[in-house]
Structure formats: structure tokens, C-alpha cells
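Student: Please take one small part of this model and look at it closely. Then work outward from there to the rest of the chain.

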Amino acid sequence: MSHPSSANSTNIESLLVENRVFPPSAATVSAARISGMPAYNAMCAHAERDFEGFWADLARANLSWKKPFEQVLDETNPPFYTWFADGELNASFNCLDRHLGTPVENKNAIIFESDDGKVSHITYKALHAKVSQFASALKDMGVQKGDRVVIYMPMTVEGVVAMQACARIGATHSVVFGGFSAKSLQERIKDASAVAVITANYQLRGGKELPLKAIVDEGIALGGCESVKNVIVYQRTPTACNMVAGRDSFMHEVTAKAAPVCEPVFVGAEHPLFVLYTSGSTGTPKGVQHSTAGYLLWAKLTMDWTFDLQPSDVFWCTADIGWITGHTYVAYGPLAAGATQVIFEGIPTYPNAGRFWQMIERHKVSIFYTAPTAIRSLIKAADADAAVHPDRSDLSSLRILGSVGEPINPEAWMWYYKNIGGERCPVVDTFWQTETGGHMITPLPGATALVPGSCTLPLPGIMAAIVDETGHDLPNGAGGLLVIKRPWPSMIRNIWNDPERFKKSYFPEEMGGTIYLAGDGAVRNEDNGYFRITGRIDDVLNVSGHRMGTMEIESALVAHPLVAEAAVVGRPDDLTGEAIVAFVVLKRSRPVGDEGKAIAKELRDWVGKQIGPIAKPKDIRFGDNLPKTRSGKIMRRLLRGVAKGEAITQDTSTLENPAILDQLAENL
């Protein structure tokens, strides 16, 4: 496993200095769960002093155990660490049954807003009943503890019900995002040897009906899916879909016949709660395997700590359940914490680009958690049309803002802080990954002074560091590789069916085989030790011996008043080794001809002034948009191919806008 060397090169990753600092208000500090830096430091010191005791106390206080654990952490077989392994519990019990008989049972668990704007509510008591009856239906079909169930669902209450029902009977779910292709679905069904698929006839997005069941049929027909005995179909719309006799059944019909009570199946703490596949840029998808207890503990704790969750909060995470964010901060964390949350089926630009802000006003959302790419696209929309500007909505209910998915550019952070938070709401810029299960490095609302573009400091108990390619610590101010030096409860347990790939991907031998390699470059501020993520390791460019994180250049471009979004990649160059290619979306129409050349020169000069001449992009290409998945993730690996002039042969079915690749392939 090789990584860009930090030795013998000029490192300019830390030259884009951010001096703006926003301390928490006295009112926020006084009311917060973790109140002030002394409280944060005391928790970190506890974890340093008594690592196992720190985690054991939290696990006993925050989870309900059928059989209490005695052993906390087992490190005898690294990197296959286990937590609380002799304890037994059930994730659905911890999310639902635990609240019965308390005031929480009559509290709204979910406020659901559908694509067409219809709103419904479901209490914890009603959600418990719904999950229990569907869990009974799964058992009636022969689904057992340890079986894998693939879930390919729209962003609905039923999607969460399906996940919780699997957890209730000890089945391991694997959710596949509803924008993935038949081939992607087939690969995941086959790798997991799923016994059942839970899907919907259609999903509604942006006023359109999009097929799901037909894609399931197509995926299974590709072969290798003989393990599937049942396909259960949620009838989201009245439109008919193909139903295969003897295999397919409607969710409402099988549920109606099932017993209303389903006792939870208690499982060992290390029992796989779910397998979530991440797409590698090459090779087969990786099935990230998460445990029940450690994962659920961190989902609950980070709800409390990062979002400073209070009983009266209305929490809204905009992520789809097909991604890890939708697992931890929709399906599990909010329910384990007894929160009221908003679940939204649609897209942020339908019927107009003010939808998010209108929903915050409508549902009195107090904690809002979304992705930088959504923020940047809504900045562009607000600049173009005053009618959808956030100042047209009453956002006074907001208390905390969050950012997730990728580092947020400082200028996008400032817009979010000013226009959405009214300069009163802390922005928690959360760094974490599918593999980490929950937040790792993030500000705490009542403790951490905020710096735009910085995820600030690790959570208590998370031993994060920046090292060189041999695992040796680097001084603050020097860019290097982000690692976690000690295990933590919610960490990935394995890659499904591929332990060798697990070790090679995350615990490289050259670092001793015991340190978790995040795959991201990072730098720590020399003064306050704050972390700033500089981009994926494979997104670090080496231009004439100078190492630069692509995130640095993107942030510089987005800071220009003309630029709405930017994505930066490298391409081979005979002279400099690598050349910088920038794909840029302006806040106005796409320029062509001499005008485009003039703006490209202006942007090059701007980057040179912000970072240094070596960071000037060699190519700047303008587009009406960037290639994004339906969840809003920029597909940089496709952009790398475009930058090299390669024909795109990879599957682009998950893209919202595949035609944009042709536009971006045009060079000025």
C-alpha cells in the first residue's frame, strides 16, 4: 500500500490560513450538555487515563442490556477488535421498547414530509407497533437471526421500519441507495447472499415516479441471486408493478396477516447489525460490517454530544437511508436518543429551491444537518432567484447547524452561518466515514470555538493523529495522513467476506497493522491543534514536487465571488508530473469563447494569490453543474477520467445528470 510521501517535498497544504474564529455564546455554553472547554478536556483526560473504564461507563449508562457485559475491549487479535463481546442486547429494543411507559412513547418519533408536500406524524408507540408487526411478517417468511436482507427503498417511514424490523429479529440488513443501478444491486445481493429484498414499486422524487421494483427484477435476473427467497414490495404509488408468483408479496398484505407482537431477539454485542457497501474506484464494492452494541452506543452518544440534543428539539438530517449518515442520524441515532425527527422524501429544489428553508419554518426544525454540496447549490439558487432566498423563510427555530459528507469550503460555511443560522447557530462541521460509524472530529456547540472549514477537535475517546507514511507523528502545521491510534466502539469490524482486504485497506502493515488509516490527508493548526481535512489521500496532487490537497484549491476557487461550486482533480503531465484541472460552476450562466478564457485567467490568478503560483489550475472547465449522485455527492473519480480525456466506461446510472460529463469534456 503506497501513499504520497511527505518527505523531500515542499508541503504547502497549510498555506490557506483561516483566521476567523467564532466562540460559542455564553447562553449556548451554559445550557449545553458538554459545557465549555474545561468539560471537554476533562472527558478527554478521563479517556486517556482509563480508556476501557471511560467506554464501559458510557455503554452501561446509554444502552439497555439483556445480559450485561464484563469484558470491555479485546485487543488480542488486531485489527479484529471487539467491544462488550460477552454482553447481549437488541438495537430495536434500544430505539423503541425502551421508550414505552415513559413520556417519550407519545412523542412524535417521525414527522414525514412526502415529495408532494403531504405531512404525516408517527409517535414512538405507533412506530413500535408498526416495526413489531412487520418484524413478525419477516419471521413468518422464514427470515432468521443472522440472515441478510437487502433493503432498496425510498426515503420513507417504511424504509426505517424495514431496517428496525430486521434489527428486531437479529437479521443483518444491507441498505442499497435507491439511485443505484440493477448491476450495483445485483453485486450487493450476491455478495451478502441475501435471503430477501425489501423494496417499493416506485419512489417519488421531484414530482416524478421512478421505478424500484423493476430494477430489483432486473438485478436478480443478472444471476447469482439464488439466495433470494422473498421480495417484499411497499406500494408507494398506485402504479402497478410486475409481481413474481411465489416470490413477491406486498408489504401491507403480509403485515396485515402477521402477529402484532414480536419480541426482540437479543444478540451478542458483536452481532452484525448491518453491512453497508461502499463503492471502490476499482474492484468490487466493499461491504462495511458494523456491530450492534458499539455502533448503537456511538450513534446515541454523538446525537447527544455533537448536536447537544435536548428533549424539545426537532432534528432533521437530510441524508438518505442508503448512506451511512442516514443509518446513524436517521434510522438509529435519533430513535435511540428519543428525538423527534423530520424525514423528507423529495429533493431540495422541488417544487423550488426554497424547499429546505420552507420546511424548517413549517416543522420548527431546531437542528439541521446537511451536506456542503447541497449548501453550495442552494447558494447559487438563492443568488439567482430572491424568491427562494432563505431570508424569505422564518428560520428562528434553528439552534444548531451541521455539515456532513465532505469538508465544507470556508465561504460556504460563512454563508450557512450567516444566512441560515443568523450568526447565532453553531455550525458543527463533522468529519467521519462509513467505516467509523459516527462522528470522529467535530466541534461541540457549547465548548468549541468555530473556525470556518475546520472540523476542529476529536471527540472524547477518539485518539486521532497525523502521521507520515510509516506511522510516525508529524508536528502541527505539517500535512500528513489522518489515523486513529486506538480502537473505538463504532469502528468497522470487517469487510464482509474479505478480511484480507479489511486489513490491507484500513490497517496497513507499514504502520504496524494496528492503527486505523482513514484515507484522508489532514493538517493541524500550529496554535490550537485544530484539524483540517485536505482531501482523500488519492486526491493529494504532486505538482513539481509540491504536495497540495485538492480541497485547498477548491476552497480558494469557491471564495471567488463569481464561483458557486468547484471540483479539482489531477491529470498526468509530462512537465510537472501532475497538472491541476478545475471544473467550475459559476453563479451566472456558463461562459464560452473569449469570455470564458478571460474568466479562467481571472480565476487562475485568484488561486495564485490565495495559495501560491504553484496551485494555479492548468485547465479550467466551466459547466452548468457538476456530475453528482442523486444524494448530491460529486463524482470526482469520473472527473478524473474526463480530465485525462478518457472515455467514460464506468456505470453512470447513479448520476442525477450524466449529460454534464460531455459538457465538461469540452476544453477551452
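**A strand pair and its surroundings**

Tutor: Ala465 stands opposite Val483, a residue of strand E23. The model is predicted: local features need pLDDT of at least 70, side-chain atom pairs count only at pLDDT 80 or more, and totals for chains, interfaces and linings use all residues. Residues are numbered from 1 along each chain as its sequence is written, and side-chain values use heavy atoms, with hydrogens and water left out.

The two strands here are E22 (residues 464–467) and E23 (residues 480–484), which pair in the antiparallel sense over four bridges. Helices (H or I, at least four residues) and strands (E, at least two) are DSSP runs, numbered from the N terminus; two strands pair if DSSP finds at least two bridges between them. Within E22, Ala464 and Ile466 point one way, while Ala465 and Val467 point the other way. In a regular strand the side chains alternate between the two faces of the sheet. The four residues Ala464, Ala465, Ile466 and Val467 are all buried (under 20% relative accessible area; exposed is over 50% and partly exposed in between, with a 1.4 Å probe and protein chains only).

Further along the chain is an open sheet of three strands in the order E29-E30-E31, with mixed pairing. Strand E29 (563–573) and E31 are its edge strands, each pairing on one side only. Neighbouring strands of this sheet are turned by 25° against each other on average, direction ignored. Axes are lines fitted to C-alpha atoms, for helices over the stretch in contact, and angles run from 0 to 180 degrees between N-to-C directions. Strand E30 (residues 577–586) pairs with E31 in the parallel sense over four bridges, and Phe583 has Arg621 of E31 as its bridge partner. Helix H16 (residues 550–558) packs on the sheet, touching E29 and E30, and its direction makes about 145° with that of E29. H17 packs on the sheet as well, touching E29, E30 and E31, with a direction at about 125° to that of E31.

The loop between helix H17 (593–610) and strand E31 (619–622) holds Lys616. Lys616 counts as partly exposed because its relative accessibility is 34%. Leaving aside neighbours within four places in sequence, Lys616 is in contact (heavy atoms within 4.5 Å) with Ile580, Arg604, Asp605, Val607 and Gly608. The C-alpha atoms of Lys616 and Leu603 are 8.4 Å apart, with their positions 13 residues apart along the chain.

Before E22 in the numbering comes an open sheet of seven strands, also with mixed pairing, in the order E6-E5-E18-E17-E19-E20-E21. Its edge strands are E6 (119–123) and E21 (427–429), each of which pairs on one side only. On average, neighbouring strands of this sheet are turned by 20° against each other, direction ignored. Inside the sheet, strand E17 (residues 314–317) and strand E19 (residues 367–370) pair in the parallel sense over three bridges, and Trp316 stands opposite Phe368 in E19. Helix H12 (residues 355–363) has Arg355, Phe356, Trp357, Met359, Ile360 and His363 as its buried residues. Lys364 follows H12 and has a positive phi, near 55°.

Next come the nonpolar cores, sets of buried Ala, Val, Leu, Ile, Met, Phe, Trp, Tyr and Cys residues joined through side-chain atoms within 4.5 Å. The largest has 142 residues, and Ile198 is one of those that touch the most other members. Leaving out residues up to four places away in sequence, Ile198 touches ten residues, among them Phe134, Tyr152 and Cys166. A second, separate core of 33 residues includes Val314, Ala353, Ile375 and Trp413.

The structure holds zero disulfides (pairs of cysteine sulfur atoms within 2.5 Å). For Cys166, the nearest cysteine sulfur is that of Cys262, 11 Å away. Cys166 is buried, with a relative accessible area of 0%.

Last, the confidence: pLDDT, the predictor's confidence in each residue from 0 to 100, averages 92 over the protein, and 95% of the residues score at least 70. Over residues 1–15 the pLDDT is below 50, although this stretch has 45 contacts in the model beyond near neighbours in sequence.
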